[in-house]
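This briefing covers one protein model, topic by topic. Keep the structure open while reading the points below.

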Amino acid sequence: MTIRYISTRGAAPPATFEDVLLGGLAPDGGLYLPEEWPALPDAPLAELARLDYPDLAFAVVRPFIGDTIDDEALSGILHAAYADFGHPAVTPLRQVEPGLWLLELFHGPTLAFKDLALQLLGRLFEHVLARRGAHVTVVGATSGDTGSAAIEAFRGKPHATVFILHPHGRVSDVQRRQMTSAADPNVHNIAIEGTFDDCQALVKGLFNDRDFRDRARLSAVNSINWARVMAQIVYYVHAAAALNAEEGIAFTVPTGNFGDIFAGYAAARMGLPVRRLIVATNANDILARALGSGRYAVGPVVRTMSPSMDIQVSSNFERLLFDLHDRNGAVVATLMDALAREGAFTLGNAALAKARPLFDARRVGEDETLATIADLHAHADMLVDPHSAVGVTAARAARDRTVPMVTLATAHPAKFPDAVERATGRRPDLPPRLADLMARPERYDVLPADATRIKAYIDERTSHG
């Protein structure tokens, strides 16, 4: 079976899963999506709940991969990807109050939800590259968590050299050290003098420079890579199955780049009974404004205590735009051109009418975030990080009580100890495997947000220049 992928901008030829995995961005600058949405396994949720996480993942992602990887190899890859997670359920549910649950996505090696996708992505890359006898240059931008998860997934791998760009001084100390303490020679960290949006724009620019992209053999690990989104669909199904939510379920997602919540949308398109998807944002509320008014307008990035959400240009929103406009790539390309030229575009009434039955959005301020962290500690004996607190705050404001509401807990509280201690008076400890993190030596370079400098830096450190 061969599944085909198409670009959101409509001008690239259809691609195979292997092409999408290694390429990331489509040649026309768009993002890949499956040509058709496959269906979830034809089984009751109660039956799916009996599967362990790797076997459920196999059932969910198998249709997206087609004949690129055989069943035995794919099963082995999935079991290896989730073998070292710190909880037997991989993504356990924890009840906060009647009708409201936290889906804990931080039990992986770097204590953030990105591990769920990147532990799989690294192994998929290695499987395909080893078969080809090929080498790639993996480039990614991070607002904090993707970078460490990508480094953990690719460090020491013989078929990839990794370059991660993060905004200098705009990630937490724990987030930075998880990246910069990696001593493997195939790992390179670049602190960009700018914001995450600057980092993301640089990475997109590298991929849109066809000569450099081909010369360096670039591959992407950001959520522009479809395989990232594909892997994240699994935990939506896992949560619904665990709650036996045949009559419906809602999810609230702390949202920056829109990839995590788009996975929930994909689960709904595949048949999961998702009633609502709540976009939870901090002060960087471009998505809340867009879904409310239809106007998607980039503003300055505001620094908050939830830095992984300090984003104005949410790349994966383009994937939703594609479906909202009946998969008309020319329309999406026009909107993206307007965004590049003017920093804004407007969604029409028809597109908004399609989005609003499923999507809602809430903006959460800093004081509300601290109050929720304090409340959960005092009344539920839980420590949560500020991103998860943004999610809980939005969930409480947006939920109806006819279906269970699941909030995605995207990071371990110890990744953001200052905010947690400020709210609760208690400083969360890192797990034992990371207890010495703050004493490890760091290795990174500070560079301006200049594409020419970044290209030269990569060329100097690879054999492809």
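Helix α16 covers residues 366–380, 15 residues in total, and spans 21 Å from its first C-alpha to its last, close to the 21 Å expected at 1.5 Å a residue. The model is a predicted one. The points below begin with this helix, then turn to single residues and to empty spaces.

**Helix α16**

- Which residues of α16 are buried? They are Thr369, Leu370, Thr372, Ile373 and Leu376.
- These buried residues sit on the same side of α16, because they cover an arc of only 160° around the axis.
- On the other side of α16, the residues Asp367, Ala378 and His379 are exposed.
- The partners against which the buried residues of α16 pack are strand β3 (93–97) and the helices α17 (386–398) and α18.
- Directly after α16 comes Asp381, with a positive phi near 55°.

**Residues with a positive phi**

- Most residues other than glycine have a negative phi.
- Asn244 has a positive phi, near 50°, and is not a glycine.
- Asn244 belongs to the loop that runs between α10 (226–242) and β9 (249–254).
- Is Asn244 buried or partly exposed? Asn244 counts as partly exposed, because its relative accessibility is 42% and the partly exposed class runs between 20% and 50%.
- Phe258 is another residue other than glycine with a positive phi, here near 75°.
- The loop that holds Phe258 lies between β9 and α11 (259–269).
- Phe258 has a relative accessible area of 1%, so this residue is buried.

**Two buried residues and their contacts**

- Phe154 is part of helix α6, which covers residues 145–154.
- Why does Phe154 count as buried? Its relative accessible area is 1%, and buried means under 20%.
- Phe154 and Arg123 are separated by 31 residues in sequence, while their C-alpha atoms are 8.4 Å apart in space.
- Leaving aside residues up to four places away in sequence, Phe154 touches Leu121, Gly122, Phe125, Val138, Ala160, Val162, Asn186 and Val221.
- Thr281 is in strand β10, made of residues 274–281.
- Thr281 is also classed as buried, because its relative accessibility is 1%.
- With residues up to four places away in sequence left out, the contacts of Thr281 are Thr255, Leu287, Ala288, Met309, Arg362, Arg363, Val364 and Val390.

**The largest pocket**

- Rolling a probe the size of a water molecule over the atoms shows where empty space is left.
- The largest pocket holds about 520 Å³ of space.
- Its lining is made of 29 residues, and the closest to the centre of the pocket are Val171, Ser172, Asp173, Phe416 and Asp418.
- Two elements, α7 (173–180) and α18 (417–424), give two or more residues to this lining.
- Which element gives the most to the lining of the largest pocket? The answer is α18, with 4 residues.
- Helix α18 thus appears twice in this briefing: α18 helps to line the largest pocket, and the buried residues of α16 pack against α18.
- The lining of the largest pocket divides by class into 15 nonpolar, 9 charged and 5 polar residues.

**Cavities**

- How many cavities of 30 Å³ or more does a search of the whole structure find? The search finds 2.
- The volume of the largest cavity is about 270 Å³.
- There are 23 residues in the lining of the largest cavity, and Phe113, Lys114, Gly256, Asn257 and Ser308 are the closest to its centre.
- At least two lining residues of the largest cavity come from each of α6, α10 and α11.
- The lining of the largest cavity has 12 polar, 7 nonpolar and 4 charged residues.
- The second largest cavity contains about 40 Å³ of space.
- Ala141, Gln200, Val203, Lys204, Asn222, Ile224 and Ser315 line the second largest cavity.
- Helix α8, residues 196–208, gives the most to the lining of the second largest cavity, with 3 residues.
- By class, 3 nonpolar, 3 polar and 1 charged residues line the second largest cavity.

Key:
Residues numbered from 1 in each chain as written. Predicted model: local features only at pLDDT ≥ 70, side-chain atom pairs only at ≥ 80, totals over all residues. Heavy atoms only, no water. 1 Å grid on protein atoms, 1.4 Å probe; cavity = no way out; pocket = protein on both sides within 12 Å on 5 of 7 lines; lining within 4 Å. Points joined across faces, edges and corners; volume = space filled by probe spheres on them. Nonpolar A, V, L, I, M, F, W, Y, C, P; charged D, E, K, R; others polar. Expected span 1.5 Å × (residues − 1). Buried < 20%, exposed > 50% of the residue type's maximum accessible area, 1.4 Å probe, protein only. Arc of directions from axis to C-beta. Contact = heavy atoms within 4.5 Å.
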